[in-house]
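Pull up the model and have the sequence handy. Let's walk through this one together, a piece at a time.

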Amino acid sequence: MSKVLIIGAGGVGNVVAKKCAMLPEVFSEIMLASRTKSKCDAIAQEVGGDRIKTAQVDADNVPELVALINEFKPKMVINVALPYQDLTIMDACLETGVHYLDTANYEPKDEAKFEYSWQWAYQERFKEKGLMALLGCGFDPGVTGVYTAYAAKHHFDELHYLDIVDCNAGDHGKAFATNFNPEINIREITQNGRYWENGQWVETKPLEIHKPINYPNIGDRESYLLYHEELESLTKNFPTLKRARFWMTFGQEYITHLRVLQNVGMTRIDPVMYEGKEIIPLQFLKAVLPEPSSLGENYVGETSIGCQIKGLKDGKERTYYVYNNCSHAAAYEEVQGQGVAYTTGVPAMIGAKMMLEGKWMKPGVFNVEELDPDPFMADLNEYGLPWHEQVDVELPHEYN
Ligand code: NDP
């Protein structure tokens, strides 16, 4: 029985709050706080009763966070605001003595730079205070790390090749929209690609490498090699990996819109003067794009995200594929959110549950693959993201 403070009331916050509300035996009291309180109130109202308390908070402001935490006294904070707020929320957790969980690594606002160094630097401070910080506990990063740890524990002696394959075969009926925060999403996609090979990073131009990959129940979809943050922690935690890559599908319409927006300067993150005021084009673009949380209602189709792994077991080559398919419509029916928010919010709830139940609780800063995957894998089946595995099959991905 523990109090939890959820920060961020966007698409993911909606799912986390509702999934936590369904488990009163774990999350006895819930507060949802965000920059815009009315969004928290709308979610709380949909849940009904007084199950979820709400509050306004500016999570860039440590004293404000500290005051809120001291007033509500949660056991942990689930941070599903934006990556920009990770460090201020971690600082506030340290100051008030509460545990921390997030779903995306810290990024400075003025540079699209994805790395764990800033958050890993909190290791000693969390350890000394007897507090835990769990990083990247959404789907990718998150479940992909748990899948990899599960494969390493049960199916391999050595992991050699890892391909994380992420397909959204859904259709929301809009010409152009992003499935999670547009600013964060577009920063991620427009940067250079990168993958790990033979002990070093190989850099590519944005979306330079692509090919069709076959996804279960979906078929072939053009998939683009991107840099994704879990590659950094997975190659560190599984040093036998010779190569690790991340692939994501995009439709041709999406790529065309993105190219035009880039060509006209709308994805820039440096300030430009407009009517005597500095604005950031990408932030303005976010303001005119559909809110990811609004996409759910008529969303059809499904997502498919998994890990394809090749390595050694008992001296023999082994291949392994573990994945989940998630229906947008089913997610909407359950929590009035779309599949991408659902596949992120459910693992965040499960990670918090693992910590509060003591299954994953230990002092320090951790990525998910450093913890025992078994109870988390069991809960994925229980709470809406069932997984499937194929051992020693021909992978739909060539390894060479
Ligand atoms: P949204 O933009 O829908 O929601 C973000 C929420 O955070 C909004 O409610 C916003 O408030 C709030 N917020 C922003 N800045 C502040 C601030 N300074 N203080 C308080 N609240 C603030 O994003 P998503 O829900 O789509 O994504 C949430 C997080 O999940 C992101 O970090 C994203 O990167 C991550 N994510 C992780 C994935 C994974 O698989 N690991 C996949 C998808 C997303 P307001 O409403 O006022 O704008």
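Strand 15 and strand 16 (residues 316-327) run antiparallel to each other, and twelve bridges hold the pairing. To find your way along this pair, look for Thr303: its bridge partner in strand 16 is Cys326. The two strands make a hairpin with two residues between them. In that turn sits Asp314, with a positive phi of about 50 degrees. Keep in mind that this is a predicted model.

Strand 15 (residues 302-313) has another partner to look at. Strand 7 (residues 158-168) is joined to strand 15 by ten bridges, and these two run antiparallel. A handy landmark here is Tyr161, which stands opposite Lys310 in strand 15. So how buried is strand 15? Ten of its twelve residues count as buried, so the strand is largely enclosed by the rest of the structure.

Now hop over to strand 5 (residues 99-102), which is covered on both faces. His99 and Leu101 point to one side, Tyr100 and Asp102 to the other, and all four are buried. Strand 4 (residues 76-79) is joined to strand 5 by four bridges, with the two strands running parallel. If you want a spot to zoom in on, Met76 has His99 in strand 5 as its bridge partner.

Stay with Tyr100 for a moment, since strand 5 is where this residue lies. Why does Tyr100 count as buried? Because Tyr100 has 24 C-beta neighbours inside 10 Å, and the cut-off for being buried is 20 or more. Leaving aside residues up to four places away in sequence, Tyr100 touches Met76, Val77, Asn79, Ile89, Met90, Cys93 and Ala133. For a sense of scale, try Arg194: Tyr100 and Arg194 are 94 residues apart in sequence, and their C-alpha atoms are 29 Å apart in space.

Time to zoom out to the domains. The domain assignment splits off domain 1 (2-135) and domain 2 (143-334 + 384-391). Going by C-alpha atoms, their centres are 24 Å apart. Where they meet, twelve residues of domain 1 are in contact with twelve residues of domain 2. The side of domain 1 that touches domain 2 is made of six nonpolar, four polar and two charged residues.

And the ligand? Both domain 1 and domain 2 give residues to the shell around the ligand, so the ligand lies between them. That shell counts 33 residues, and the closest are Gly10, Val12, Ala59, Gly138 and Phe180. Two elements give two or more residues to the shell: helix 1 (11-21) and helix 13 (339-356). Helix 1 gives the most, with three residues. Sorted by class, the shell has 15 nonpolar, 13 polar and five charged residues.

Finally, step back and take in the whole protein. There are 14 helices and 18 strands, and the C-alpha trace spans about 55 × 55 × 40 Å along its principal axes. With 400 residues, a compact globule would have a radius of gyration near 21 Å, and the 20 Å of the protein agrees with that. Of those 400 residues, 49% count as buried. As for the contacts with a separation of 6 or more, 70% of them are between residues 24 or more positions apart.

Definitions and conventions
Residues numbered from 1 in each chain as written. Predicted model: local features only at pLDDT ≥ 70, side-chain atom pairs only at ≥ 80, totals over all residues. Near = placed C-beta within 6 Å. Nonpolar A, V, L, I, M, F, W, Y, C, P; charged D, E, K, R; others polar. Domains from an automatic or database assignment. Contact = placed C-beta atoms within 7 Å. Rg over C-alpha atoms; globule rule 2.2 N^0.38 Å. Pairing = 2+ DSSP bridges.
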